[in-house]
Amino acid sequence: MNTTKRPTVVLRFVIIIVAALSSTGCGGWWNANTTNPTSAPSPAVPAAAAAPLSPEGDADEGIIRDLEAKVKKDPEDFVAYNKLANYYLQRQRETGDIAYLNLALRAARASLDILPAEQNPAGLGALAQSEIATHDFAAARDHAILLTKLIPQKSYSHQTLGDALLELGDYEQAVEAFGRMRRAAGGVSLTTETRMARLATLRGDRKGAENHLKTALALATEELVPSREAVAWCRWQLGERAFATGDYATAEAHYRDALINFPGYHQAIAALGRARAAQGDIAGAIEHYEQAVRRLPDPSFIATLGDLYHIAGRATDAAKQYTLVEQIARLGVTGTGAIYNRQLALYYADHDQQAAAAYELAAREYAVRRDIYGADAVAWTALKAGKVDEAEAAMKEALRMGTQDARLYYHAGMIKRAAGEREEARTQLKRALELNPQFDPLQSRIAAKTLDDLK
């Protein structure tokens, strides 16, 4: 295990001070009457240099097999089931393989069948985390509420509740839950910083998000046994923040650093392909997306690969990928439903396919999961289904946080064009392309052409 790249004691002190400066409590950090930050961005913590990390912190398959053998021998061992559920969830994060999600759900439920939640909060926590991973956010919220009552002193109970509320679009309640998480944790931690980064991104505070992620990265690399996935995730997210502002070279550097820490990390491989496409290297982008798809046949990866083939003039290869998108999405079913519904709806809308089905998928999900990206999905699919008034109303909801996302502005511009509001359409499309001119290999081209047509 590499220890020379961990933050020094001095850097640890800097991390704590910076985090303290960036945290003014929920009341100062978030004003319920505005979507803008109410405090200045926190100072940046220097990002740790990338270096190969030991796989010692990974979810070892050998340990998983031992635990599986243990519960087979002793079906009443609820502790082993709890450990299994958590290992399955970690393994899913490392590989992206959704097969681990059903395994985690079954393990958590088996634990609670042996010992109920009141005496087994760890089993309840594993169940709620599994439900979040399988997109059953309403059930996760309800179970997390119970968890916070059973063990209010534990930070992970409030973390789980905040995660569920965030995905459901209940942002103010999520902020409160994360505030309780931070207090229970005694201040800054890897989990608190990643949540603060997510909230900062949603409210359009790009610098704040970057600073929280750099703090999270420093904390992740300082762990006695660093998790390669956690470190790589932080670097990938830093790359995503850079990409969102059109800084493709910096984004690429972060993605490559993530792959130094965790070779084969699927999110970084695909993101690197997107960064290469944004810089005009379509052949390099295709190479990276082909590699990503071989590792994980995620519908969004497959769809983008199809788009890249289309741009490269490889129509037959593109058609094969487009056919595969729907097949894989339909296979992505867990014990609580299909986790790729939103991706499939957006794929249909992006490619002008099955407009009615796309709108139905998006609207059905938004009935429960009322986050801004759910509103965006409804808006975009409603437009393609000819429901312009509904698209405008949903887009207003999608933009309510001030999130700086070129794709949101692109959708808003296309909706305004359909509504006959040419000037507002130009404003939104121009905003999208100024923020991130290559936000998507195919859709950014459509945005640019549409803006040119509106002149």
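**Exercise 1. Which side chains does Arg65 touch through polar contacts?**

Solution. Start with Glu61: its side chain and that of Arg65 are joined by a polar contact of 2.6 Å. A polar contact is a pair of N or O atoms within 3.5 Å; within protein, one must be able to donate a hydrogen and the other to accept it, and residues adjacent in sequence count only if both atoms are side-chain atoms. Next comes Glu68, whose side chain makes a polar contact of 2.7 Å with the side chain of Arg65.

Now place the residue. Arg65 is found in helix α3, residues 61–73. Helices (H or I, at least four residues) and strands (E, at least two) are DSSP runs, numbered from the N terminus. Arg65 counts as partly exposed because its relative accessibility is 40%. Buried means under 20% relative accessible area, exposed over 50%, partly exposed in between (1.4 Å probe, protein chains only). Last step: Leu84 is 19 residues from Arg65 along the chain, and their C-alpha atoms are separated by 9.3 Å.

A note on the model. This is a predicted model, in which local features need pLDDT of at least 70, side-chain atom pairs count only at pLDDT 80 or more, and totals for chains, interfaces and linings use all residues. Residues are numbered from 1 along each chain as its sequence is written, and side-chain values use heavy atoms, with hydrogens and water left out.

**Exercise 2. What is the mean pLDDT of the protein chain, and where does pLDDT stay under 50?**

Solution. pLDDT is the predictor's confidence in each residue, from 0 to 100. Its mean over the protein chain is 90. Of the residues, 88% reach 70 or more. Then look at residues 1–42: there pLDDT stays under 50. The model has 69 contacts beyond four places in sequence for residues 1–42. Contact means heavy atoms within 4.5 Å. Where pLDDT is low, the predicted coordinates should not be read in detail.

**Exercise 3. How many helices and strands are in the protein chain, and what percentage of its residues count as buried?**

Solution. Take the elements: the protein chain has 24 helices and two strands. Take burial: 52% of the 455 residues count as buried. Take contacts: among those with a separation of 6 or more, 59% come from residues 24 or more positions apart. Take the surface: about 19200 Å² is accessible, and carbon and sulfur atoms hold 52% of that. These areas come from the Shrake-Rupley method with a 1.4 Å probe; for residues, only the protein chains shown count as cover.

**Exercise 4. Is Ser227 buried or exposed?**

Solution. Find Ser227 in the loop between α11 (206–222) and α12 (228–244). Its relative accessibility is 18%, so Ser227 counts as buried. Check its side chain: a polar atom there lies 3.1 Å from the backbone nitrogen of Ala230.

**Exercise 5. How many aromatic pairs does a search of the whole structure find?**

Solution. The search finds nine. Rings of Phe, Tyr and Trp (its six-membered ring) pair if their centres lie within 6.5 Å; planes under 30 degrees apart count as stacked, over 60 as edge-to-face and the rest as tilted. One tilted pair is Phe243 and Tyr248, at 5.1 Å centre to centre and 55° between the planes. Phe243 is buried at 3% relative accessible area, and Tyr248 is buried at 9%.

Tyr347 and Tyr348 form a tilted pair too, with 6.0 Å between centres and 50° between planes. Tyr347 counts as buried at 4% relative accessibility. Tyr348 is buried at 0%. Finally, Trp236, Phe262 and Tyr265 form one aromatic cluster.

**Exercise 6. Which ring does Lys387 lie over, and which ring does the charged end of Arg431 sit over?**

Solution. A charge sits over a ring if NZ of Lys or CZ of Arg is within 6 Å of the ring centre and within 35 degrees of the ring normal. Lys387 lies over the face of Tyr359, 5.1 Å from the ring centre. The charged end of Arg431 sits over the ring of Tyr409, at 5.1 Å from its centre.

**Exercise 7. Where are His135 and Gln354?**

Solution. His135 is in the loop between α6 (121–133) and α7 (137–150). Its phi is near 70°, positive in a residue other than glycine. His135 counts as partly exposed at 33% relative accessibility. Gln354 lies in the loop between α18 (341–350) and α19 (355–366). Phi of Gln354 is near 40°, again a positive value in a residue other than glycine. Gln354 is partly exposed, at 44% relative accessible area.
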